[in-house]
Amino acid sequence: MPVRDDTPLMPSRRGLLAAGAVLAAPGLARAQARFPDRPIQIVVPWPAGGSADIQLRSIGDLCTRALGQPVVVRNQPGAGGTLGPMTVAQQARPDGHTLTQMHLSVLRRPWMMRTPQWDPIADFTHIIGMTGWLFGTAVRADSRFRTWADMIAFARANPGRLNYTTSGIGTTNHLAMETIQEKEGIQLTHVPFRGSNEAVTAVIGGQVDMVCDSSTWAPFVENNQMRALSVWTAERVRRFPDVPTLKELGYDLVVTSPYGVSGPRGMDEGIVRILHDAMRDALMTPENAEVRARFDMPLVYQDTQTYRAFIAERVEYERAMVRRLNLSLDG
């Protein structure tokens, strides 16, 4: 009678890895085979017509060709550009069909609340870093301010009389203006709008003295409806060679505010890879490069791993800055 050996065989490490690959591969293959199976929407937390809106619409059009399903933008402005991302984090299914623009205010704003409404790391699946904004300050063409120095001199002599607009309380450009006021010892009145295009309209219409925001103002400077007083890039912008940077004006500030695209937490990494690859390829096309050039938006591409590391590091920076400046939305 043969002797039975019931001692279990111990597979080698290589065998375990191979078995794991066999088990994992069907799930990944199924995810890839069925995704996307309906339209994808990218929630842009600003009104239509701004630079980020136009850039992400271009990304969506290009990804539509690659993915075989419509990739469309849905605008959901509000709460300083954080209402849209918060809604995605709290309500969207993690199936890759609902995404959102991810920008620095989304990383900063929770720490300005007594009870944070989202966690910028745990509540999102971060996918890709893309680009940033050209920020600057512009006034109407017939403004009394011919230069930045004119504006500062008026503000110093007239505390609180000069007002400026941004795309929201606690946004990157708002904090930059707070820093400038602190350095200069001046007091300006902040008039927040939901997006940079609305801010520009208010300046041109004479309701606000100047806009301090992303480059929606640039075409109006080019057609002589507005005058740029400063740009916030590291070097002068090729389109506006006569406009000084903040650094040239004596401030140790460079403000470009890089942004990317994220989804709700819990997304399948196979789907993340599909989305990343499609959006990366779209970002690198001449079509999207032309859109970015139109608004002087720098290429700040980061793959998924690099972007997640950037988000984690930046969250710590933003939290520390909010505490240092004692910023609060709770009154």
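Let's start inside the protein, at the largest cavity: 21 residues line this space, and those nearest its centre are Trp-46, Trp-133, Ser-167, Asp-213 and Ser-214. Several elements give two or more residues to this lining, namely α2 (51-67), α4 (104-108), α6 (172-184), α7 (196-204) and β8 (210-214). Among the contributors, α2 has the largest share, with three residues. Keep in mind as you look around that the model is predicted.

How much space does the largest cavity hold? It comes to about 180 Å³. As for the character of its wall, the lining divides into 13 polar residues, six nonpolar ones and two charged ones.

The structure holds two cavities of 30 Å³ or more, so let's visit the other as well. The second largest cavity has about 30 Å³ of space. Its lining consists of Ile-40, Ile-42, Cys-63, Leu-67, Val-71, Leu-99, Leu-275 and Met-279. Sorted by character, that makes eight nonpolar residues, with no polar and no charged ones. Here β1 (40-44), α2 and α9 (269-283) each supply at least two of the lining residues. You have met α2 already, as the source of the largest share of the lining of the largest cavity.

From here it is a short step to the strands. β1 pairs with strand β2 (residues 71-75) in the parallel sense, over five bridges. To find the register, look for Gln-41, which stands opposite Val-72 in β2. The chain goes from β1 to β2 by way of α2, and this β-α-β crossover is right-handed. Ile-40 and Ile-42 line the second largest cavity. In a regular strand, side chains alternate between the two faces of the sheet.

Finally, let's turn to the open spaces. The largest pocket has about 320 Å³ of space. It is lined by 19 residues, and Leu-253, Val-255, Arg-314, Tyr-317 and Met-321 lie nearest its centre. Which element gives the most to the lining of this pocket? That is α11, with six residues. At least two residues each come from α4, α6 and α11 (304-325); α4 and α6 are also among the elements that give two or more residues to the lining of the largest cavity. The pocket lining divides into 10 nonpolar, four polar and five charged residues.

Notes:
Residues are numbered from 1 along each chain as its sequence is written. This is a predicted model: local features need pLDDT of at least 70, side-chain atom pairs count only at pLDDT 80 or more; totals for chains, interfaces and linings use all residues. Side-chain values use heavy atoms; hydrogens and water are left out. On a 1 Å grid over the protein atoms alone, a cavity is a set of points where a 1.4 Å probe fits but cannot get out, and a pocket is an open set with protein on both sides within 12 Å along at least five of seven lines; lining residues have an atom within 4 Å of a point. Grid points are joined across faces, edges and corners, and a volume is the space filled by probe spheres set on the points. Helices (H or I, at least four residues) and strands (E, at least two) are DSSP runs, numbered from the N terminus. Ala, Val, Leu, Ile, Met, Phe, Trp, Tyr, Cys and Pro count as nonpolar, Asp, Glu, Lys and Arg as charged, and the others, Gly among them, as polar. Two strands pair if DSSP finds at least two bridges between them. A crossover is right-handed if, with the strands pointing away from the viewer, the path from the first strand over the helix to the second runs clockwise.
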